[in-house]
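Please look over the structure shown here before reading the notes. A short briefing on its features comes after it.

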Amino acid sequence: MSWDTVTASGENKDGQSEAVDLRWIPPAKDVDPICGKTVSTDTAKPSVYDGSVYYFCSRECREIFEAAPEQYIGPHAEGPPQLEHTHV
């Protein structure tokens, strides 16, 4: 997962703080944490966990993740398991 921001906060030439819009731009591709498949984020099934967005190749992978996300991300994650379903 990649976090990119557009624009930055700062001060104007008079030294006053300016309100700046920040927005997150998703990466073009990401890896499904369940099956390990590379997915295009514009067509993937997203899910937010602990302030981060994760992308999935299918509704099934997303549902598996949402049932127990700590098994697939974080320090105790073992990486994508071998699943019984196939991806098209």
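The points below cover the overall make-up, one hairpin, the core, the cysteines and the salt bridge.

This is a predicted model. The protein chain has 1 helix and 8 strands, and from the N terminus on its elements run β-β-β-β-β-β-β-β-α. Strand E8 is largely enclosed by the rest of the structure, because 5 of its 5 residues are buried.

**Overall make-up**

- The protein chain has 88 residues, and 25% of them count as buried.
- The accessible surface of the protein chain is about 6400 Å², and carbon and sulfur atoms account for 48% of that area.
- Taking contacts in the protein chain between residues at least 6 apart in sequence, 33% join residues at least 24 apart.

**Strand E8 and its hairpin with E7**

- Strand E8 spans residues 52-56, and strand E7 spans residues 45-49.
- E7 and E8 pair in the antiparallel sense, with 5 bridges between them.
- One pair of bridge partners is serine 47 and tyrosine 54, the latter in E8.
- In the hairpin, 2 residues lie between the strands, and aspartate 50 has a positive phi near 50°.
- Side chains of E8 point two ways: Ser52, Tyr54 and Phe56 point one way, while Val53 and Tyr55 point the other way. Residues on both sides of the strand are buried.

**Nonpolar core**

- The largest nonpolar core has 7 residues: Ile34, Tyr54, Phe56, Cys61, Phe65, Tyr72 and Ile73.
- E8 and H1 each supply at least two residues of this core.
- Tyr54 thus appears in two settings: as a member of the core and as the bridge partner of serine 47.
- Leaving out residues up to four places away in sequence, isoleucine 73 touches Pro33, Tyr49, Tyr54 and Phe65. Of these neighbours, Tyr54 and Phe65 are named in the core as well.

**Cysteines**

- The whole structure has 0 disulfides.
- The closest cysteine sulfur to that of cysteine 35 belongs to cysteine 57, at 3.7 Å. This is too far for a bond, because a disulfide requires the sulfur atoms to be within 2.5 Å.
- Cysteine 61 is in no disulfide either, and the nearest cysteine sulfur to its own, again that of cysteine 57, is 3.8 Å away.
- Cysteine 35 has a relative accessible area of 21% and is partly exposed, since the buried class ends under 20%.
- Cysteine 61 counts as buried, with 0% relative accessibility, and it belongs to the largest nonpolar core.

**Helix H1 and the salt bridge**

- Helix H1 covers residues 59-67.
- The structure holds 1 salt bridge, formed by glutamate 63 and arginine 59.
- The closest N and O atoms of glutamate 63 and arginine 59 are 3.9 Å apart, and the pair counts as a salt bridge because the cut-off is 4 Å.
- Glutamate 63 and arginine 59 are 4 residues apart in H1, so about one helical turn separates them.
- Arginine 59 counts as exposed, at 55% relative accessibility, whereas glutamate 63 is partly exposed, at 42%.
- Glutamate 63 lies 16 residues from serine 47 in sequence, and their C-alpha atoms are 9.2 Å apart in space. Serine 47 is the residue that has tyrosine 54 as its bridge partner in E8.

Terms used. Residues numbered from 1 in each chain as written. Predicted model: local features only at pLDDT ≥ 70, side-chain atom pairs only at ≥ 80, totals over all residues. Heavy atoms only, no water. Buried < 20%, exposed > 50% of the residue type's maximum accessible area, 1.4 Å probe, protein only. Pairing = 2+ DSSP bridges. Contact = heavy atoms within 4.5 Å. Areas by Shrake-Rupley, 256 points an atom, 1.4 Å probe, with all protein chains shown as cover. Salt bridge = Lys/Arg side-chain N within 4 Å of Asp/Glu carboxyl O. Core = buried A, V, L, I, M, F, W, Y, C linked by side-chain atoms within 4.5 Å.
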